[in-house]
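Please open the model in the viewer and keep the sequence panel visible. The tour proceeds by selections, each followed by a description of what is found there.

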Amino acid sequence: MSISRIWHLFVFSAIAGLHSLGCGSSDPPGKPAEPREPASAATAADSTANSSTDAKPLRPDVSDEVFDRTDVTTLTLEIAPAERTKLAANAREYVHCRLLEHDGETWSDVAVKLKGAAGSFRELDDKPAFTLNMDKFRKKQSFHGLGKFHLNNSVQDETYLHEWLCAGLFRAAGVAAPRVAHARVFLDSRDLGLYVLKEGFDRKFLGRHFATDNGNLYDGGFCQDIDADLERDAGQGADDHGDLHALLEACREGDPEQRWLKIAAVLDVDAFLTFAAMELMTCHWDGYCQQKNNYRLYFDAASRKAFFLPHGMDQMFGDPGASILERPGAIVASAVMQNPEWRATFRERIRRLLPLFNPPDKLLGQIDRIEQRIRPVLEKIDPDQAGGYAERVSELKNRLAARAGNLKEQSEQPDPPPPRPLEFAGDEGIEMADWQPTSEREDAILEVIESPEGRTTYLIRCGPSGECIASWRRTVLLARGEYRVAASAATTDVAPIKDEKGTGAGLRISGSVRKTGLDGTGDWRPLEFRFSVAEDEQEVVLVAELRATAGEVQFDARSMRLFRIQ
């Protein structure tokens with residue numbers, strides 16, 4: 001029996017336990033589940049792939065063979081010199097390649113490009129990560145039924161297991177997540193080593209998990225929330241982001257009762273609560289809820305509701321003691337968790353999902369088996385790397401065991417009280433620390449700089465693309481009133497972009513427009529932005545940003561203060 005099938009059998013048993021608790025069913029609430037006979041053990045875990053009432057049971061697919069192999073496949077990418085030159089000039093644009101599967105088929109006119117964000121991107125002469133689109137240049141072509149798939153270099157996961165492990169856990173919980181396998185990859189004659197082979201987010205993926213495959217699918221990009229201009233990866237009709245704007249407006253509705261109604265109309269809240277619970281339980285610190293990063297957002301055309309999909313799960317279970325009760329700051333997560341009933345459902349959802357993690361014995365057993373499958377391949381590639389592999393896997397297993405106990409302990413704790421709005425004393429304001437980076441372009445540089453003179457600054461510098469829309473952000477909870485956020489900034493050679501939200505370097509709050517900004521080169525100059533809070537309590541995201549084609553700005557950390565106007 002293949003490791004993939006063993007894993008699916010484990011997940012299916014876990015789902016059976018969740019079904020007895022009422023979690024994971026794809027049937028509408030209150031309707032008895034009809035008996036289903038999974039077509040095979042390999043697809044059993046996916047038979048309840050989404051907790052939405054619009055989800056459909058998954059059926060056997062020819063692409064199952066990619067993920068049911070008992071060995072690690074070997075692939076070669078052949079890229080002609082002229083195509084290599086194009087790829088070197090623009091890593092994000094598809095070029096032609098030839099794909100060979102050892103002891104298997106050969107595919108011509110395959111589209112390939114490089115992938116990866118700040119931590120995982122590697123150039124072509126290193127160990128690059130790839131996205132392969134089989135039918136972009138040759139219609140109806142597929143790789144064993146897959147239209148699009150990724151070869152992740154796993155440079156941030158020496159176990160090569162995080163994506164495989166967590167994607168299976170998300171699917172077991174009822175969240176649509178890509179299937180994962182492994183491959184040894186050659187680029188022409190150069191052995192690049194072991195890769196994580198991951199199913200792509202495309203219409204075939206959407207059709208497997210949702211009632212429709214023609215809704216809008218958005219890429220969360222790099223550290224972007226839903227108030228950014230997210231790129232649409234799939235969908236029919238006008239690309240006006242109307243569905244995305246409706247979700248944002250619902251989350252920002254001032255009247256709480258109207259807010260809950262509007263959110264429920266455009267978001268599958270039950271599916272989102274499961275998604276959020278799984279992100280936190282798997283310690284996905286770089287996911288949507290905590291970092292506004294590594295996610296996809298799909299608007300199902302049948303229900304007209306939004307579903308969040310997990311992505312970039314190569315740094316998981318890093319902190320076994322990570323909180324699952326701290327309220328996340330991402331726009332949708334924050335709005336949903338403010339609803340007392342939804343918050344209570346979230347707590348109950350965590351308890352229902354706990355059997356996926358605790359006791360950890362079955363998870364640990366699956367890891368042992370897949371380690372035995374991967375290690376011989378690593379030994380052939382690089383004996384030195386293989387020598388430390390067992391230790392890395394052992395460390396992961398220790399974290400999983402610790403996380404299992406921690407999750408049980410946290411699930412039994414009372415819900416912490418909701419956060420209170422900031423309290424201001426006098427006219428001095430409050431220094432705002434711990435700003436978080438976000439950017440609509442991956443090549444923008446955002447760093448915290450410590451100068452020899454002891455000054456701490458938040459830096460934003462334009463990257464080679466010449467399209468810098470990047471910011472440092474700080475979420476605060478405020479009471480009704482008038483406020484101003486202030487900072488001191490220095491600019492160097494800033495060539496501003498003029499758009500509807502602002503120009504050059506400046507301050508504002510998320511969702512607002514500023515009329516002033518700094519450009520060119522200038523020493524420390526004051527900036528401020530005034531705004532109102534109309535609700536009794538409202539989360540506000542402070543933004544210190546740069547919108548420019550060139551140059552850099554530094555914000556003096558000690559000067560970044562928030563004032564309440566008396």
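Begin by selecting Ala246, Leu247, Ala250 and Cys251 in α7, which meet Arg259, Lys262, Ile263 and Val266 in α8. Please bear in mind throughout that the model is predicted.

Next, display the whole of α7, residues 242-251, together with α8. The axes of the two helices are 8 Å apart, and the helices pack at an angle of about 155 degrees. Because angles over 145 degrees count as roughly antiparallel, α7 is described as roughly antiparallel to α8. The crossing of α7 past α8 is left-handed.

Now restrict the selection to α8, residues 256-266. Which residues of this helix are buried? They are Arg259, Trp260, Ile263 and Val266. These residues lie on the same side of α8, because the arc that they cover around the axis is only 145 degrees. Among them, Arg259, Ile263 and Val266 also belong to the contact with α7.

Turn the view to the face of α8 directed away from its buried side, where the exposed residues Glu257 and Leu261 are found.

From Glu257, proceed to Asn339: the two C-alpha atoms are separated by 9.3 Å, although the residues are 82 apart along the chain. Asn339 is located in the loop between α11 (331-337) and α12 (340-353). Is Asn339 buried or exposed? Its relative accessibility is 6%, so Asn339 counts as buried.

Finally, show the side chain of Asn339 and the backbone of Glu341. A polar atom of that side chain lies 2.9 Å from the backbone nitrogen of Glu341.

Key: Residues numbered from 1 in each chain as written. Predicted model: local features only at pLDDT ≥ 70, side-chain atom pairs only at ≥ 80, totals over all residues. Heavy atoms only, no water. Buried < 20%, exposed > 50% of the residue type's maximum accessible area, 1.4 Å probe, protein only. Helix = DSSP H or I, 4+ residues; strand = E, 2+ residues; numbered from the N terminus. Arc of directions from axis to C-beta. Polar contact = N/O pair within 3.5 Å; in protein donor to acceptor, adjacent residues only side chain to side chain. Axes fitted to C-alpha atoms, helices over the stretch in contact; angles between N-to-C directions. Parallel < 35°, antiparallel > 145°, perpendicular 65-115°, else oblique. Left-handed = near helix turned anticlockwise from the far one by under 90°. Contact = heavy atoms within 4.5 Å.
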